[in-house]
Structures are given as structure tokens and as C-alpha cells.
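Work through the exercises below with the sequence and the model side by side. Try each task before reading its solution.

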Amino acid sequence: MEEQRQKSWFSRNWGWILGGGCLTLIIIVVLFFGSIIFGVSKMFTSSTPYQNAMEQASTNEEVIAILGEPIESDGIMQGNISLNGDDGEADFRIPIKGPKGNARIVVVAYKNYGEWTYEKLYVQIKETKEAINLLDKGLEGN
């Protein structure tokens with residue numbers, strides 16, 4: 001009589017273990033990068049320059065006439081913001097949209113002693129490349 005030796009549990013199930021391990025690793029990597037993107041996005045959207053830019057664009061009559069209402073952000077921002085205590089700088093673009101079209105807000109600002117000064121703040125309309133200046137004397141020193 002021939003004796004058959006039974007394979008170990010691991011040799012019978014190695015494919016499932018390897019597949020599950022790879023899937024777990026992929027999920028961890030996706031969650032890691034997702035949390036980085038969320039954190040950076042949250043930093044941008046909670047910043048004073050972002051909030052002021054969105055407020056200025058949403059209330060500007062010329063922008064409303066071209067894009068319609070409501071005006072909301074549309075996608076991932078490009079650029080950077082750097083904060084160091086009471087100092088910092090921001091240079092980024094915010095894609096926005098309205099019912100009538102798309103545009104982007106260009107923001108260049110500097111923070112000195114806790115106050116933001118805007119060097120550039122305008123909406124660039126996608127279709128016409130028209131630039132609508134949003135700089136308001138009320139934003140100087142905010």
C-alpha cells in the first residue's frame with residue numbers, strides 16, 4: 001500500500017496568502033496617498049488666501065455674469081502655500097466652475113507679521129483667457 005503524504009496548509013493555500021498580502025499592501029498604499037492628498041487639500045482650503053479668493057470670485061458681478069451662480073471649486077488646486085508662524089507665502093491656482101463655464105483663480109500673496117498682502121488675485125476665464133482683477137483695497141493688509 002502506497003502512503004500519500006498530505007501537503008501542509010501553507011502549500012495548499014499559498015496563492016490566497018500571497019493575493020491577500022498584495023491586496024492589503026495596495027490598500028495601505030492607496031490609503032496613505034489618499035490621506036496625504038486630503039491633508040494638503042484641507043490645508044489649502046482652510047487658508048485665508050483660499051477663502052478670500054473664493055469669496056471675492058463668488059461675489060464679483062463680472063465673474064458671476066460670465067460663469068453664473070453658484071461658483072464653486074472644480075478639481076485639484078495647483079501651486080503651494082508655505083506658513084511659518086506669522087510669515088508665509090501663497091502662490092496657487094484654484095479651478096472654479098459655474099453653470100455657464102469654467103475658470104481659475106490665480107492667487108499670489110505674502111504674509112508678514114500675521115497679515116496677508118495680495119500681489120495677484122484674479123480670475124482667468126477658460127474660454128476667452130480674459131482676466132478679471134479681484135484685488136480690492138479691502139484685501140490689502142488682511
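Helices (H or I, at least four residues) and strands (E, at least two) are DSSP runs, numbered from the N terminus. The model is predicted, so local features need pLDDT of at least 70, side-chain atom pairs count only at pLDDT 80 or more, and totals for chains, interfaces and linings use all residues. Residues are numbered from 1 along each chain as its sequence is written, and side-chain values use heavy atoms, with hydrogens and water left out.

**Exercise 1. The strand order**

Task: Trace the pairing from β1 to β6 and give the sense of each pair.

Solution.
Step 1. Set the rule: two strands pair if DSSP finds at least two bridges between them.
Step 2. Start at β1 (residues 72–73). It pairs with β3 (residues 87–98) in the antiparallel sense, over two bridges. E72 has K97 as its bridge partner in β3.
Step 3. Take β2 (residues 78–84). It also pairs with β3, antiparallel, over seven bridges. Here I81 stands opposite A90.
Step 4. Go from β3 to β4 (residues 101–112). The pairing is antiparallel over 11 bridges. D91 has V108 in β4 as its bridge partner.
Step 5. Go from β4 to β5. Ten is the figure to find: the strands are antiparallel over 10 bridges. V107 is matched with L121 in β5.
Step 6. Finish with β5 and β6, antiparallel over three bridges. V123 has I132 in β6 as its bridge partner.
Background for reading side chains on these strands: in a regular strand the side chains alternate between the two faces of the sheet.

**Exercise 2. The hairpin turns**

Task: How many residues lie between the strands in the hairpins of β2 and β3, β3 and β4, β4 and β5, and β5 and β6?

Solution.
Step 1. β2 and β3 have two residues between them, and G85 in that turn has a positive phi of about 65°.
Step 2. β3 joins β4 through two residues.
Step 3. β4 and β5 have two residues between them, and Y113 takes a positive phi near 55°.
Step 4. β5 and β6 have five residues between them, and K129 takes a positive phi near 60°.

**Exercise 3. Backbone exceptions**

Task: Which peptide bond is cis, and are Y113 and K129 buried or exposed?

Solution.
Step 1. Recall the background: most residues other than glycine have a negative phi, and most peptide bonds are trans.
Step 2. The cis bond joins E69 and P70, with omega about 0°. P70 sits in the loop between α3 (61–67) and β1.
Step 3. Fix the burial classes: buried means under 20% relative accessible area, exposed over 50%, partly exposed in between (1.4 Å probe, protein chains only).
Step 4. Y113 is in the loop between β4 and β5. Its relative accessible area is 76%, so Y113 is exposed.
Step 5. K129 is in the loop between β5 and β6. Its relative accessible area is 57%, so K129 is exposed.

**Exercise 4. Two loop residues**

Task: Compare the surroundings of S47 and E127. Which residues does each touch, not counting residues up to four places away in sequence?

Solution.
Step 1. Contact means heavy atoms within 4.5 Å.
Step 2. S47 lies in the loop between α1 and α2 (48–59). S47 is buried because its relative accessible area is 6%.
Step 3. With that exclusion, S47 touches I81 and F92.
Step 4. E127 lies in the loop between β5 (115–125) and β6 (131–133). At 54% relative accessibility, E127 is exposed.
Step 5. With the same sequence exclusion, E127 touches G101 and N102.
Step 6. Add a distance: E127 and I27 are 100 residues apart in sequence and 39 Å apart in space, C-alpha to C-alpha.

**Exercise 5. The helices**

Task: Why does the end-to-end distance of α2 agree with its 12 residues? Which residues of α2 are buried?

Solution.
Step 1. The expected span of a helix is 1.5 Å times one less than its number of residues.
Step 2. For the 12 residues of α2 this should give 16 Å. The end C-alpha atoms are 16 Å apart, so the two agree.
Step 3. The buried residues in α2 are P49, Y50, N52, A53, M54, Q56 and A57.
Step 4. Turn to α1 (residues 9–45), which holds F33. At 47% relative accessibility, F33 is partly exposed.
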